[in-house]
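Reader: I'm used to gels and assays, not to models on a screen. Could you walk me through how to read this one?

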Amino acid sequence: MTCRSPVALDALVAYWLGELPQEREAALEEHLFGCTQCTGQLEELAALATGVRATVLDGKVSMVVSEPFVDAMKDAGLSVREYQVEPGGSVNCTIGTNDDGVISRIRAPLAGVQRLDVVRMLGASGPEERLTDVPFDADSGGLVIVPSAAWLKAMPAFTMRMRLIAVNDAGEKQLAEYTFNHSPS
Amino acid sequence: MPRSSLLVELDDGALARRIAETGAAPDSAAEAELYRRLAPRVRLYGLRHLRDLQAAADLVQQVLLMTLERLRAGKVRDPESIASFVLGSCRMTVLEMRRGTRRREALLETWSDAAEPCEAPEQEALDPHRLAGCLEALSERERSVVVLTFFADRQADEVASELAISGGNVRVIRHRALGRLRKCMGGGEEVQ
């Protein structure tokens, strides 16, 4: 049966996350309980949310996150190995067989930065990969990066160089460089 | 139990009325069809309000078995409005679960003798490898917003404060990212 007034995806997302005012939430629930089509859309969204959670729990995705997110990972029972590296610094790192993830805290002077790019290079002459416009909180004084644990566990020893680039209307400027010396456990 | 095409064509209200009219001689095919149809709605309600898979599954069993019992006994005043009746039951049961006035085990025990007419269809899981690839294909900002949002079901304003951007900005990024994810997974149009 086709719904005559299908609920927009944004409204379903807002409902799922508890962002709607109480009256609108109640009206939307009345609609959902009488509508197979919109229930199907919400099921799809719920499956996506479940899938995203599972992907993170399985360490299959790399991401820039926040400190509260690290807490959420730990609350979910994940065992995370944590590193911190200062501007110009290097760190010897690994991932253990019992580790669910690795957290890299990249310290950097981010005050006044409008856009931040991360450039990373695997090995001494590997191709550069540029991550554009990564999210950051200037007040936090750095980035929290979570590489894919599944990828890390499959990797032999390697060295990765990483540069943070501040980008604004006038051009770009390198903020700092970091070196990660990874060895398998 | 195979689904009857006649029953599939009935709307929820007509199906409920049919169950109510059979009274003491249950129409198991109609009951199974109504259960199959309403179970996803109740489970989603449970997941949304209880954030727990097992609690949501318990809610499905509790609410739908109680609904069928009341229909059979002629205690649903307006079978045509069965969806509203089930929603009301969900709200009451979740409230009771939250208040802890009735433990989940006690709720289930109430209906333990009632035969479950059919298995509730499970939520279909997405291909994890494909989803990981689709997530990696998002921009850094989109991936961060999606992960921060759905790992612990966090609202836009919470995610915004963690990423030092506005709630409106998070909603825009979230909308775009979900459109891309759905298209990548083969389930929807990409949002520009």
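**Reading the fold, piece by piece**

Author: Happy to. Going along the sequence, chain A follows the pattern α-α-α-β-α-β-β-β-β-β-β-α-β-β. Its radius of gyration is 21 Å, well over the 16 Å that the globule rule gives for 185 residues, so chain A is more spread out than a compact globule. One thing to keep in mind throughout: this is a predicted model.

Reader: How many helices and strands does chain A have, and what does its C-alpha trace span along the principal axes?

Author: There are 5 helices and 9 strands in chain A. The trace spans about 60 × 45 × 30 Å. Buried residues make up 29% of the 185 residues. As for contacts in chain A with a separation of 6 or more, 60% of them are between residues 24 or more positions apart.

Reader: Now the sheets. In what order do the strands of the 4-stranded one sit?

Author: Read a sheet sideways, strand by strand, rather than along the sequence. Here the order is β1-β7-β4-β2 in chain A, in an open sheet with mixed pairing. β1 (63-65) and β2 (80-85) are the edge strands, each with a single partner, so one side of each has no neighbour in the sheet. From one strand to the next, the twist averages 25°.

Reader: How do β1(A) and β7 run, and how many bridges join them?

Author: They run antiparallel, and 3 bridges join β1(A) to β7 (residues 142-146). To find the register on screen, start from A:Val64, whose bridge partner in β7(A) is A:Ile145.

Reader: Which strands does α4(A) touch when it packs on the sheet?

Author: α4(A) touches β1, β2, β4 (101-107) and β7 of chain A, and its direction makes about 155° with that of β2(A).

Reader: And the sheet of 5 strands: which ones stand at its edges?

Author: Same way of reading. The order in this open sheet is β3-β9-β8-β5-β6 of chain A, again with mixed pairing. The edges are β3 (90-93) and β6 (128-131); each has a single partner strand, so one side of each is left without a neighbour in the sheet. The twist averages 25° from strand to strand. When you look at side chains, here's the general idea: in a regular strand they alternate between the two faces of the sheet.

Reader: Which pairings in that sheet would you show me?

Author: Try β8 (residues 158-168) and β9 (residues 171-182) of chain A, which run antiparallel and are joined by 11 bridges. A:Asn168 has A:Gly171 in β9(A) as its bridge partner. Then go to β5 (residues 115-122), which is antiparallel to β6(A), with 4 bridges between them. There, A:Arg120 stands opposite A:Glu129 of β6(A). β5(A) and β6(A) form a hairpin with 5 residues between them, and A:Gly123 in the turn has a positive phi of about 75°.

Reader: On to chain B. How is it divided?

Author: Into domain 1 (5-110) and domain 2 (128-184). Their C-alpha centres lie 34 Å apart.

Reader: How do I read a helix for its buried face, say α9(B)?

Author: The general idea: an α-helix has 3.6 residues a turn, so residues three or four places apart point the same way. In α9 (residues 156-163) of chain B, the buried residues are B:Ala156, B:Val159, B:Ala160, B:Glu162 and B:Leu163. Seen down the axis of α9(B), they fall within an arc of 165°, so they line one face of the helix. They pack against α4 (67-75) of chain A, and against α8 (140-151) and α10 (167-184) of chain B. After α9(B) comes B:Ala164, with a positive phi near 60°.

Reader: So the chains touch. How many residues of each are in contact?

Author: 42 residues of chain B are in contact with 43 residues of chain A. On the chain B side, helices supplying at least two residues each include α3 (28-50), α5 (82-99) and α7 (128-137). The largest share of that side, 9 residues, comes from α8(B).

Reader: One last residue: where does B:His175 lie?

Author: B:His175 lies in helix α10 of chain B. B:His175 has 16 other C-beta atoms within 10 Å and is partly exposed. Its C-alpha atom is separated by 9.5 Å from that of B:Val146, 29 residues apart along the chain.

Technical notes: Residues are numbered from 1 along each chain as its sequence is written. Chains are lettered from A and ligands numbered from 1 in the order in which they are written. This is a predicted model: local features need pLDDT of at least 70, side-chain atom pairs count only at pLDDT 80 or more; totals for chains, interfaces and linings use all residues. A residue is buried if 20 or more other C-beta atoms lie within 10 Å of its own, exposed if 12 or fewer, and partly exposed in between; C-beta atoms are placed from the backbone. The arc is that of the directions from the helix axis to the C-beta atoms. Two residues are in contact if their C-beta atoms, placed from the backbone, lie within 7 Å. Domain bounds come from an automatic or database domain assignment. Two strands pair if DSSP finds at least two bridges between them. Axes are lines fitted to C-alpha atoms, for helices over the stretch in contact, and angles run from 0 to 180 degrees between N-to-C directions. The radius of gyration is taken over C-alpha atoms; the globule rule is 2.2 Å times the number of residues to the power 0.38.
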